[in-house]
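Notebook open. I want to go through the charged contacts, then the rings, then a hairpin.

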Amino acid sequence: MTRTGFIEAALNDLLFARDITVQEAADRHFAPEYRQRTDGEWIDRAGFVEHITHLRTLVAGGQVQVHEELYDGSKYADRHTVHITKKDDSTVRMEVYVFADFAPDGRFRRIEETTLMLQGADTDRNMGSAR
């Protein structure tokens, strides 16, 4: 599997694809031992799935725009922007900086990310983390 476009595929499946469940998307892209740190806060895979399940109740649609993406073996880094239209018709735009590790099977094992709110209300800042 090529890792180019991997974060885009994962986020599209998690947030925007309604033909698969969050659990199916997580199984496809994230190893069982997955952990994530967003803006300094760690969550495990169960917390991540719970957070994405909540986000799906708010999100009507959107897209992911990858600006830069690099990988070397099991190491991965990217900079992307997530454009979200919420069910209340408001919009959120966040720029995200990612450093990650892949498991041997090619799924994400760990992601550490920092988010930058470009557009949206102060209450939308929690869309980037499980707070």
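I started with the salt bridge cut-off: a side-chain nitrogen of Lys or Arg within 4 Å of a carboxyl oxygen of Asp or Glu. This is a predicted model, so I noted that local features need pLDDT of at least 70, side-chain atom pairs count only at pLDDT 80 or more, and totals for chains, interfaces and linings use all residues. Residues are numbered from 1 along each chain as its sequence is written, and side-chain values use heavy atoms, with hydrogens and water left out.

**Salt bridges**

How many salt bridges does the whole structure hold? My search came back with 9.

I pulled up Arg-28 and Asp-13, whose closest N and O atoms are 2.9 Å apart. Arg-28 belongs to helix α2 (residues 22-29) and Asp-13 to helix α1 (residues 6-16), so this pair ties together parts 15 residues apart in sequence. Helices (H or I, at least four residues) and strands (E, at least two) are DSSP runs here, numbered from the N terminus. For accessibility I use buried for under 20% relative accessible area, exposed for over 50% and partly exposed in between (1.4 Å probe, protein chains only). Arg-28 is partly exposed at 44%, while Asp-13 is buried at 14%.

Next I checked Asp-101 with Lys-75, a salt bridge with its closest N and O atoms 2.8 Å apart. The two sit in distant parts of the chain, Asp-101 in strand β5 (residues 91-102) and Lys-75 in strand β4, 26 residues apart. Asp-101 is buried at 13%, and Lys-75 is partly exposed at 47%. I also see both residues in a salt-bridge network with Arg-37, Arg-110 and Glu-112.

Arg-107 and Asp-105 form another salt bridge, 2.8 Å from N to O. Here Arg-107 is the buried partner at 18%, and Asp-105 is partly exposed at 47%.

**Rings**

I counted 9 aromatic pairs in the structure. My criterion: rings of Phe, Tyr and Trp (its six-membered ring) pair if their centres lie within 6.5 Å, with planes under 30 degrees apart called stacked, over 60 edge-to-face and the rest tilted.

Is the pair of Phe-30 and Phe-48 stacked, edge-to-face or tilted? The centres are 4.9 Å apart and the planes at 55°, so I logged the pair as tilted. Phe-30 lies in strand β1 (residues 30-38) and Phe-48 in helix α3 (residues 45-58), so the contact ties together parts 18 residues apart in sequence. Phe-30 is buried at 2%, and Phe-48 is buried at 5%.

Phe-102 and Phe-108 are stacked, at 4.9 Å centre to centre and 20° between the planes. Both are buried. Ring pairs link these four Phe residues with Phe-6, Tyr-34 and Tyr-76 into a cluster.

I also found a charge over a ring (NZ of Lys or CZ of Arg within 6 Å of the ring centre and within 35 degrees of the ring normal). The charged end of Arg-35 sits over Trp-42, 3.8 Å from the ring centre.

**Hairpin**

Two strands pair if DSSP finds at least two bridges between them. Strands β3 (residues 59-72) and β4 (residues 75-86) are antiparallel over 12 bridges. I looked up Glu-68 and found Arg-79 in β4 as its bridge partner. The hairpin has 2 residues between the strands, and Gly-73 takes a positive phi near 65°.
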